[in-house]
Amino acid sequence: MRYIRPVPIPHGADADAGVHDPDWSTRHSVLSTARRTAALVNVLAAGPSDAGGGPVPGAVAEVLRAYGEKEPLDLTARDVEGMREAATLLRDVFAAETADAAAHALNRLLVAHTGRLRLSSHQGGSPWHPHVDRADDAPWPEWFLASSCLALTVLVWDRQRPPGRICASGSCRNVFIAQGSGPERRYCSRRCATRERVAAHRRRADG
């Protein structure tokens, strides 16, 4: 599997001037990776792909493309099922109410499902960046769980609070990345927040 586009590494006098394409750091930042995690957890929540109505490789690949992953995205139904199992594990981190709970959930995942922290450049095909999967060509489920754990761990470290939440709307159980310095979000989107405000207003009006 290849999930980071190879980019030319300058040599000689230009080597220190720019070792990657201009938007690489944005596409593969901690926050972008964490948001990709939430988006994948949500699309994978539909259920097993062989049960009908569940996530299919094309839907998962579309999320990966939206977050900068490049072709070939050779996902199989087995890959998606493995990623769905990983998504179920990751939901425990999003369900954590405190930084302590999120840290404990992540520690369990890191011990059970990841390898040693290392830096990789994919044999010179990308800038150096951290990995905790066991190999650069790890299967999709292992890569998804390991890269997600790494990003969510850094967010807990940086902010000392849970990295995300599960939407508080009774009709939506999507996860989302909590961010910003304002009031803590309870809903994954404005749509959910508006729907809940309207429902609460109607309940009050009905007495």
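In what order do helices (α) and strands (β) follow each other along the sequence of this protein? Here are my notes, point by point, on what is a predicted model.

1. **The overall pattern.** Reading along the sequence, you meet α-α-α-α-α-β-β-α-β-β-α. If you'd like that as a tally, the protein has seven helices and four strands. Try tracing the pattern with a finger on the structure above.

2. **Inside and outside.** The protein has 207 residues, and 43% of them are buried. Now look at contacts between residues with a separation of 6 or more: 54% of these join residues 24 or more positions apart. Keep that in mind for the pairs in points 5 and 7.

3. **Two helices that cross.** Two packed helices are described by the angle between their axes and the distance between the axes. Take helix 2 (residues 30–44) and helix 6 (residues 140–159): their axes come within 9 Å and cross at roughly 125 degrees. Because of that angle, helix 2 counts as oblique to helix 6. As for handedness, the crossing of helix 2 and helix 6 is left-handed.

4. **Who touches whom at that crossing.** Worth colouring in, if your viewer lets you. On the helix 2 side, the contact includes Val30, Leu31, Ala34, Leu40, Val41 and Leu44. Helix 2 also brings in Thr33, Arg36 and Thr37. Across from them, helix 6 contributes Trp143, Phe144, Ala151, Leu152, Val154 and Leu155, among others. Ser147, Ser148 and Arg159 of helix 6 take part in the contact too.

5. **Arginine 78.** This residue sits in helix 4 (residues 77–95). Is arginine 78 buried or exposed? Exposed, because its relative accessibility is 76%. Arginine 78 also shows how the chain folds back on itself in space: tryptophan 140 is 62 residues away in sequence, yet the two C-alpha atoms are 9.8 Å apart.

6. **A cis peptide bond.** Going from glutamate 71 to proline 72, the peptide bond is cis, with omega near 5 degrees. Proline 72 belongs to the loop between helix 3 (57–66) and helix 4, so you can look for it between those two helices, which are DSSP runs numbered from the N terminus.

7. **Glutamine 160.** You'll find glutamine 160 in the loop between helix 6 and strand 3 (164–166). With a relative accessible area of 58%, glutamine 160 is exposed. It still has company, though: leaving out residues up to four places away in sequence, glutamine 160 touches Ala99 and Leu155. Its side chain reaches the backbone oxygen of tryptophan 157 at 3.0 Å. Here is another pair far apart along the chain: glutamine 160 and threonine 98 are separated by 62 residues in sequence, while their C-alpha atoms are 8.9 Å apart.

8. **The loop between strands 1 and 2.** Histidine 122 lies in the loop between strand 1 (118–120) and strand 2. Which sign does phi of histidine 122 have, positive or negative? Positive, near 50 degrees, in a residue other than glycine. Glutamine 123 is in the loop between strand 1 and strand 2 as well. Phi of glutamine 123 is also positive, at about 60 degrees, although this residue is not a glycine. Glutamine 123 counts as exposed, because its relative accessibility is 83%.

9. **Histidine 129 and its partners.** Histidine 129 is part of strand 2 (residues 129–131). At 9% relative accessibility, histidine 129 is buried. What does its side chain reach? One partner is the side chain of histidine 122, in a polar contact at 3.1 Å. The side chain of histidine 129 also reaches the backbone oxygen of proline 127, at 2.8 Å.

10. **Cysteines without disulfides.** A disulfide is a covalent bond between the sulfur atoms of two cysteines. How many disulfides are there in this model? The count is zero. Cysteine 172 is in no disulfide: the nearest cysteine sulfur belongs to cysteine 188 and is 3.7 Å away, whereas the cut-off is 2.5 Å. For cysteine 192, also in no disulfide, the nearest cysteine sulfur is that of cysteine 172, at 3.7 Å. Cysteine 172 is buried, with a relative accessible area of 10%, and cysteine 192 is buried too, at 5% relative accessibility.

Terms used: Residues numbered from 1 in each chain as written. Predicted model: local features only at pLDDT ≥ 70, side-chain atom pairs only at ≥ 80, totals over all residues. Heavy atoms only, no water. Buried < 20%, exposed > 50% of the residue type's maximum accessible area, 1.4 Å probe, protein only. Polar contact = N/O pair within 3.5 Å; in protein donor to acceptor, adjacent residues only side chain to side chain. Axes fitted to C-alpha atoms, helices over the stretch in contact; angles between N-to-C directions. Parallel < 35°, antiparallel > 145°, perpendicular 65-115°, else oblique. Left-handed = near helix turned anticlockwise from the far one by under 90°. Contact = heavy atoms within 4.5 Å.
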